[in-house]
Amino acid sequence: MKYRSLALLSALVLSAGLAACSSSGGASDGAGDGRTALDVWLMRDSVSAQFQKEFETGFEKAHPDIDLRIQIQEWEGIGEKVTAALAGNDAPDVIEVGNTQVAQYAQSGGLTDFSDRVGELGGGDWLEGLAEPGSYEGKQYGIPYYAANRVVIHRTDLFEKAGIDATRIRTREQWIAATRKLDGGGTQGIYLPGQNWYVLSGFVWDEGGDLAVKSGGGWKGGLDSAGALRAMDFYRQLQALGKGPKDSDEAQPPQAEVMAKGQVAQIIAVPGGAKVVEEKNPELKGKLGFFPIPGKTSDRPGAVFTGGSDLVVPAVAAHQEEAFTLICELTGDAWQKKLAVAMSYVPNKTTLAGAVADDPGTAAMAAGAANGHATPNTPQWAAVEAKNPIKEYMTAVLTGEDAASAAAEASRTITETLGSDS
């Protein structure tokens, strides 16, 4: 692999946040100059070329005994590649994985347990939506890296014309009232496809429910709980205030492209969706704003699904202490602030939300991330998503089927899938 030439960072950046991280020193493996070669896999678009260059320079200056070798991986096919690496003898020392993937890798016994080092990493302030799926059977294997979640992207000009102040929309009731006011005269109050199950999940969590819950030694589908049924009813009310299809999700058709046509007042998406809207319709540039998904009460934003990544260390990795040093740096406050600004990500700690205050979309995302959640923390959840009875359930309700009966059927399917070996 050809490695990038590195530029020097300022002394201020290099010194900030490095005191808690230290390498073991003395080891030599493959660098050819007496240094330890530390192999790291980061995912495509996790870091920009500029950030990577700065981090490599800063890290190696602070730890001259380590030769950092970052390799950018593609998301397609990464699951099989990581599984093979964990089972082999030549695994990289640190791997970035999707936060909901940690359980399936940990189940095999292939990851290093960091439970006794959470304090050193500032784990008390981690975002729950990254930290919780990074654990498995009470042990912490994944270290929160960065997060992203959905917000409401809205047309500021349409809101102004309707006399609506988006900053005052803090509750579901206020959101419904505003959306109802926007819906009419050729404008959709909101474009919400019928199968956006990530959005429904947030409403379920707001109601105290979950997609599946632990029951005895296994898992049980939770869509038929009273809270989950209330969540589906709210989704139905909101979805009706637009012309979103009842039988497809946000990708079919791409909802940002629908909004770009000019007849949609709101969509629920990651902030980057606004850039797509503007690219498709330059006339909307400067006319898009953001606010967190409203909650049941004004004192807390609505729950959201937290996407993002954790960092893990293979149990067979040759340089465990150096790997921890890398994680300590990359997930520490100084570099987290820089990463958040450079990539418009949510930092891994609630205490760092202020780092993105000057970016409206990311700031709204960070506010929502404080109430972030993840899908049920079981290695079999991927099999549920493959079948996705949640989508079928949502369409059934939105097309007039009895919600309780449809929820019971979907919950049975989830229970069966989580109890299988598939």
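**Figure 1. Helix H7 (residues 172–182) lies across strands S7, S10 and S11.** In this predicted model, local features need pLDDT of at least 70 and side-chain atom pairs count only at 80 or more, while totals for chains, interfaces and linings use all residues. Residues are numbered from 1 along each chain as its sequence is written, and side-chain values use heavy atoms, leaving out hydrogens and water. Helices (H or I, at least four residues) and strands (E, at least two) are DSSP runs, numbered from the N terminus. H7 runs at about 135° to S10 (axes are fitted to C-alpha atoms, for helices over the stretch in contact; angles run from 0 to 180 degrees between N-to-C directions). Helix H11 (residues 273–280) packs on the sheet too, and here the touching strands are S7 and S11. The direction of H11 makes about 165° with that of S11.

**Figure 2. The sheet under those helices is an open one, in the order S10-S7-S11.** Its three strands pair in the antiparallel sense (a pair needs at least two DSSP bridges). S10 (266–269) and S11 (288–291) stand at the edges with a single partner strand each, so one side of each has no neighbour in the sheet. From one strand to the next, the twist averages 30°. Four bridges join S7 (residues 151–155) to S11, and S7 and S10 also pair over four bridges. To get your bearings, look for isoleucine 153, whose bridge partner in S11 is phenylalanine 290, and for histidine 154, which stands opposite glutamine 266 in S10.

**Figure 3. Which way do the side chains of S7 point?** Val151, Ile153 and Arg155 go one way, while Val152 and His154 go the other way. Either way they end up buried (under 20% relative accessible area with a 1.4 Å probe, protein chains only; over 50% is exposed, in between is partly exposed). That makes S7 a mostly covered strand, with five of its five residues buried.

**Figure 4. Tryptophan 175 is a hub of the largest nonpolar core.** Along with Tyr393, Trp175 has the most contacts inside this 51-residue core (buried Ala, Val, Leu, Ile, Met, Phe, Trp, Tyr and Cys joined through side-chain atoms within 4.5 Å). Elements that each supply at least two core residues include H7, helix H9 (226–239), strand S12 (304–305) and helix H17 (403–418). The largest share, seven residues, comes from H8. Leaving out residues up to four places away in sequence, tryptophan 175 touches, among others, Val152, Phe203, Phe234, Gln266, Ile268 and Phe291 (contact means heavy atoms within 4.5 Å). A second, separate core has 32 residues, including Val94, Tyr145, Val313 and Phe324.

**Figure 5. Two tyrosines from distant parts of the chain stack on each other.** The structure holds 14 aromatic pairs (Phe, Tyr or six-membered Trp ring centres within 6.5 Å; planes under 30 degrees apart are stacked, over 60 edge-to-face, the rest tilted). In this one, tyrosine 146 and tyrosine 345 have ring centres 4.0 Å apart and planes at 10°, so the pair counts as stacked. Tyrosine 146 belongs to strand S6 (residues 143–148), whereas tyrosine 345 is in the loop between helix H13 (333–343) and helix H14 (360–369), 199 residues away. Tyrosine 146 and tyrosine 345 are both buried. Elsewhere, Phe51, Phe55, Phe59 and Trp335 form one aromatic cluster.

**Figure 6. Proline 314 is a loop residue with 0% relative accessibility.** The loop runs between strand S13 (307–312) and helix H12 (320–330). At 0%, proline 314 counts as buried. What does proline 314 contact, leaving aside its neighbours within four places in sequence? The list includes Leu86, Ala91, Pro92, Asp93, Val94 and Ile95, and also Gly110, Thr112 and Gln320. Tyrosine 141 is 173 residues from proline 314 in sequence, yet the two are 9.6 Å apart in space, C-alpha to C-alpha.

**Figure 7. Strands S8 and S9 make a hairpin with two residues between them.** S8 (residues 212–215) and S9 (residues 218–221) pair in the antiparallel sense over four bridges. Serine 215 stands opposite glycine 218 in S9. At the turn, check glycine 216, which takes a positive phi near 65°.
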